[in-house]
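Reader: I've got a structure open in my viewer and I'm a bit lost. Could you walk me through it, question by question?

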Amino acid sequence: MVNLLYQKSITELHDLLVRREVSAVEITRSVLERVERVEGTVKAYVTVTAEQALATAEEVDAKLAAGGDMGPLTGIPMAFKDNMCTKGVRTTCSSRILENFVPPYDAAVVEKLAGAPMIGKTNLDEFAMGSSTENSAFFTTSNPWNPDLVPGGSSGGSAAAVASGEAVYALGSDTGGSIRQPASFCGVVGLKPTYGLVSRYGLVAFASSLDQIGPLTRTVTDCAMVLQAIAGPDERDSTCAPGPVPDFNAALTGEVRGLRIGVPREYLAQGVDPRVAGAVGAAIDLLAAMGAEVEETSLPHTSYALPVYYLIAPAEASSNLARYDGVRYGYRAARPEDVVDMFMQTRSEGFGAEVKRRIMLGTYALSAGYYDAYYLKALKVRTLIKRDFDRAFTRYDVLLTPTSPTLPFKKGEKTMDPVAMYLSDICTLAAPLAGIPALSLTCGFVDGLPVGLQLMGPPFGERTILRAAHAYEQKAGHWRRQAEGV
Amino acid sequence: MISEKDVDYVALLGRLKLTDEERKLYTGQLNNILEHFDRLKELDTAEVPPTAHVLPLKNVFRADRTGPDLAPEQVLAGAPDRDGRYFKVPRIV
Amino acid sequence: MNRRLATGAARRKGYRGMEYETVIGLEVHVELKTESKVFCHSTTGFGGDPNSHVCPVCLGLPGVLPVVNRQVVEWAILLGLAINCRIASFSKFDRKNYYYPDMPKNYQISQYDLPICLGGHLDIEADGVKKRIGITRLHMEEDTGKLVHQGTITTTPYSLVDYNRAGIPLLEIVSEPDMSSPLEARAYAEKLRQIIVYTGVSDGKMEEGSLRCDANVSVRPRGSTRLGTKAEIKNMNSFRALQRALTYEVERQIGVLEEGGRVVQETRTWDEGKGVTLSLRSKEQAHDYRYFPDPDLVPLVIDPAWVEEIRACLPELPEARSARYVEKLGLSAYDAGVLTAEKSLADYFEACLALYPEAKAVANWVMGDLARLLNAAGQSVDQGRVTPERLVGLLQLIDRGEISGKMAKDVLEAMFATGADAVRVVREKGLSQISDEGAILEVIRRVLTENANVVADFRAGKDRALGFLVGQVMKKTRGQANPDAVNRLLRETLQEQG
């Protein structure tokens with residue numbers, strides 16, 4: 001079967017552009033036509049910027065015609081999660097409170113991808129708080145494999161756009177699994193880089209000590225290329241690591257012989273759908289057959305990641321989201337009596353239920369009398385979780401787990417039970433707490449739905465997990481399967 | 001146990017106005033969530049330092065140099081209410 | 001100084017015969033005069049249109065991040081050293097969370113449990129008594145924006161917000177509650193300002209808000225070891241206001257206790273016009289700031305070598321400078337104190353001294369006539385038109401005998417008013433002293449001829465007659481003859497004629 005342009009990977013499209021077989025405008029048109037055809041079902045985008053995308057593509061073509069240089073991502077249409085600031089294009093965080101907010105500046109990653117036609121801004125759970133995009137104030141995105149199911153979240157719009165051909169790649173942000181879990185649900189590759197590898201400048205903060213921007217792509221090679229483009233120091237982000245960026249593409253050797261892979265038993269314990277466990281088990285067997293040394297291991301503090309995460313992230317969020325008060329930008333409630341009334345009404349009308357719940361939880365965890373028992377305690381247990389990983393990475397190059405304990409679930413299934421929703425992140429919460437890189441890729445299908453495999457590496461160990469993922473992907477070949485629900 | 005009164009206090013700190021329904025809902029849900037979190041008390045962390053940052057970065061500075069300010073119209077473009085070049089808010093007290 | 005104000009309430013007796021003592025601690029905020037703000041590159045310039053000195057970072061737009069201005073950290077250490085603090089080897093920034101429309105993020109980046117400087121002190125003198133005031137801590141934080149009200153905060157129908165000041169670096173210096181009178185509090189604040197200006201980290205201008213004092217005040221029966229309930233007093237815009245406000249507040253609290261009432265813990269604002277402190281009531285009385293480490297900023301690790309590098313930049317502080325003036329320049333302790341009170345005055349004095357190494361003479365002119373002119377004009381010495389070079393030029397004219405000391409006072413006045421140098425003033429006013437002996441002799445001969453009877457008196461032994469003759473010569477030369485020369489030549493002529 002001959003792939004249409006919108007179905008191709010970055011590398012394929014780049015080759016076509018270099019050989020002048022297609023133009024950036026043709027590729028962009030192909031993707032925009034796809035958007036027109038399926039967006040009604042998928043609903044991946046909060047804002048589609050068709051004209052801007054075509055204008056960028058035209059500029060790219062003109063530059064190429066003039067013999068200009070071309071980066072590996074130049075002219076490849078993509079999408080940003082709508083929590084990354086784009087100058088002159090509204091950035092909503094899928095929240096009423098920022099519905100009309102138009103940033104006067106570009107996020108660092110937006111600057112870095114200046115030559116890429118931006119198809120639009122993708123839907124998310126409001127302020128990236130959620131696991132299904134059902135917390136978007138505007139609409140729920142559909143899973144391209146089955147529109148009755150959620151795409152995962154919070155970067156559900158980005159994952160669905162890539163899976164459905166509405167973008168060649170997209171950027172997402174991951175705080176507790178917000179890139180990896182939707183990547184798993186939508187059958188694409190998603191990487192949360194090491195904390196500090198990618199600048200957070202211009203990413204609307206949810207939980208600053210956990211947030212990282214990363215790629216959602218159809219292949220591991222594409223993932224490495226996008227990471228290469230967005231990684232690196234930024235003097236505007238104090239928490240961004242200094243030093244040179246390694247060559248990620250060069251790490252993709254197709255080889256896993258001798259690679260030491262640990263499988264922490266806690267991640268395959270109770271609560272994991274046996275069908276998911278089965279697909280992951282098959283992947284383990286394949287990697288072993290390819291020459292990797294696979295061994296069961298233990299991360300004893302795994303079960304504490306959930307409470308630690310749901311104390312630290314809401315605490316930081318309660319402070320980060322304090323600025324939405326109706327004074328400088330965004331929504332303001334009508335006819336407030338005084339300033340305090342304006343703050344309270346604006347925020348109550350502007351934020352959705354989950355955001356309010358987390359502000360309450362985080363405010364409580366930081367408030368006088370509870371700080372030591374909750375917030376400080378959580379920071380200490382975070383140390384224990386990190387030490388688990390430090391110890392494990394003295395013996396293993398990579399840790400392998402499921403990305404999500406379940407298959408994609410139905411819309412509405414978990415919206416009334418916050419704890420059940422929180423549990424869907426159980427496999428992805430620990431990596432951000434430890435600051436380590438983690439990647440999700442498809443390791444099989446159950447009932448026509450993708451199952452995700454998570455590979456975690458030591459800090460700045462992206463090369464190793466990309467190498468393992470790439471070798472596995474080439475052998476298993478799941479990436480070739482296109483989403484069948486649209 | 002968090003009482004409805006605690007929830008009201010926390011809502012005031014976080015500047016959220018709760019309806020009676022929301023107050024009841026959040027009181028129940030927060031209690032449910034925090035019950036799960038009580039498991040942390042099992043761990044002895046007396047000797048464990050807190051991790052506020054995962055990267056061992058320190059002393060990240062910028063030089064004392066000025067850069068371009070935003071143009072006035074960009075500053076006020078999103079203002080819900082303004083008066084000339086000022087942001088305008090209802091009375092404070 | 002009113003004697004009762006000077007002694008404060010420390011010895012004040014209540015109507016029921018109860019003696020009260022006062023406990024005061026000060027929190028001083030200093031705006032640093034960096035080029036750019038503490039966490040972004042926006043300019044710190046005073047003035048400018050509303051909301052013109054802002055960027056996405058200090059406006060708190062979604063997605064922005066702070067990065068610490070290195071100069072702020074170095075100046076915090078510098079001032080910490082100047083007030084005898086210990087510099088922390090590990091320090092961090094925290095978020096102080098509370099809502100107010102002048103705060104772009106609704107949290108203030110500050111320092112909570114690990115401030116950059118700890119445990120210093122200042123020695124003050126109030127009412128002739130020396131005292132050491134402890135300093136608890138010094139920490140860095142960002143300033144807020146400014147609210148503009150129509151009328152007052154309580155009557156205005158709406159308020160306007162200007163964020164130009166938001167993000168300007170502040171140092172907050174918290175004292176121990178060691179001051180026991182409003183006068184001591186004022187002496188401490190003035191001493192602290194003096195040192196701040198000496199270190200050069202701030203203008204220290206209370207009127208422009210670059211130095212702000214808040215006070216915690218309580219009173220208790222003499223001998224009691226328990227602290228009374230304190231009130232926090234804000235909005236005191238001068239040292240005089242500080243002393244007045246505290247004096248009022250102490251009296252108010254004693255009055256409350258005398259009447260059997262209880263002092264309420266609250267924030268009060270000083271109303272300069274009415275001369276009273278007023279309660280600032282707000283909807284939210286609880287101060288639950290929910291401090292936590294700012295995840296956007298990484299810790300400060302300050303090694304001893306860095307501290308020593310900064311210590312080497314510490315300028316000579318007023319106490320050391322004053323001691324040097326006494327020991328090395330032979331000035332009186334009083335003169336040395338006056339000259340070093342303001343750094344600009346001491347700098348001026350030393351600039352003169354570099355050109356004209358007569359300490360006593362320079363000190364007399366600087367503290368005397370020049371200080372009088374500056375005070376009258378309400379100027380500080382670095383604003384005045386009489387530069388060190390010009391003052392020294394004046395002193396050199398006196399030395400060369402071209403003008404008299406008395407004439408020099410008038411010349412200085414003219415220099416101060418016009419900005420001209422001494423030589424020009426003397427020339428333009430025709431004030432130059434006549435030192436040409438031929439010219440003086442001519443006048444002397446005329447005076448002697450016209451006053452033959454006085455000459456006779458002189459010869460008869462009346463010494464006072466000589467004074468009269470000198471006076472006549474000076475009158476005829478309109479005071480421009482060199483008095484020494486007149487005296488000498490007059491005696492010689494009288495002898496010759498005799």
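Reader: Is C:Asn235 buried, partly exposed or exposed?

Author: Let's place the residue to begin with: C:Asn235 sits in strand β13 of chain C, residues 231–236, where a strand is a DSSP run of E of at least two residues, a helix is a run of H or I of at least four, and both are numbered from the N terminus. Buried means under 20% relative accessible area, exposed means over 50%, and partly exposed is in between, using a 1.4 Å probe and protein chains only. C:Asn235 has 39%, so the label is partly exposed.

Reader: What is phi of C:Asn235 near?

Author: Keep in mind that this is a predicted model, in which local features need pLDDT of at least 70, side-chain atom pairs count only at pLDDT 80 or more, and totals for chains, interfaces and linings use all residues. Residues are numbered from 1 along each chain as its sequence is written, chains are lettered from A and ligands numbered from 1 in the order in which they are written, and side-chain values use heavy atoms, with hydrogens and water left out. C:Asn235 is a residue other than glycine with a positive phi, and that phi is near 70°.

Reader: Which loop holds A:Lys43, and what is its relative accessibility?

Author: A:Lys43 also has a positive phi without being glycine, near 55°. The loop in question runs between α2 (24–42) and β1 (45–48) of chain A. A:Lys43 counts as partly exposed because its relative accessibility is 33%.

Reader: What is omega for the cis peptide bond between A:Gly153 and A:Ser154?

Author: Look in the loop between β3 (118–122) and α5 (156–164) of chain A, where you'll find A:Ser154. The cis bond joins that residue to A:Gly153, with an omega of about 10°.

Reader: How far apart in space are C:Thr247 and C:Pro182?

Author: C:Thr247 belongs to helix α4 of chain C, residues 239–258. At 14% relative accessibility, C:Thr247 counts as buried. In sequence, C:Thr247 and C:Pro182 are 65 residues apart, but C-alpha to C-alpha the gap is 5.9 Å.

Reader: What radius of gyration does chain C have?

Author: Chain C has 16 helices and 17 strands, and its C-alpha trace spans about 100 × 60 × 50 Å along the principal axes. The radius of gyration is taken over C-alpha atoms, and the globule rule is 2.2 Å times the number of residues to the power 0.38. For a compact globule of 498 residues you'd get a value near 23 Å, whereas chain C has 31 Å.

Reader: And how does chain A do: what is its radius of gyration?

Author: Chain A contains 15 helices and 11 strands. The globule rule gives 23 Å for its 486 residues, and chain A comes close to that, so it is as compact as a globular protein of that length, at 21 Å.

Reader: What share of the residues of chain A count as buried?

Author: The C-alpha atoms of chain A fill a box of roughly 65 × 55 × 45 Å along the principal axes. Chain A has 486 residues, and the buried share is 69%.

Reader: Why is chain B called more spread out than a compact globule?

Author: Chain B has three helices and three strands, in the order α-α-β-α-β-β along the sequence. For 93 residues the globule rule gives 12 Å, and chain B is well over that, so it counts as more spread out, with a radius of gyration of 23 Å.

Reader: Which three residues of chain B lose the most area to chain A?

Author: Contact means heavy atoms within 4.5 Å, and here 49 residues of chain B and 65 residues of chain A take part. Buried area is the accessible area (1.4 Å probe) that two parts lose on being put together, summed over both; for these chains that is about 5,200 Å², 70% of it on carbon and sulfur atoms. Together giving 13% of what the chain B side buries, the three are B:Leu16, B:Leu40 and B:Val54.

Reader: Which three residues of chain B supply 19% of the area it buries against chain C?

Author: Here 32 residues of chain B touch 55 residues of chain C. The two chains bury about 3,800 Å² between them, 61% of it on carbon and sulfur atoms. Supplying more than any other three residues of chain B, the trio is B:Phe61, B:Arg62 and B:Asp64.
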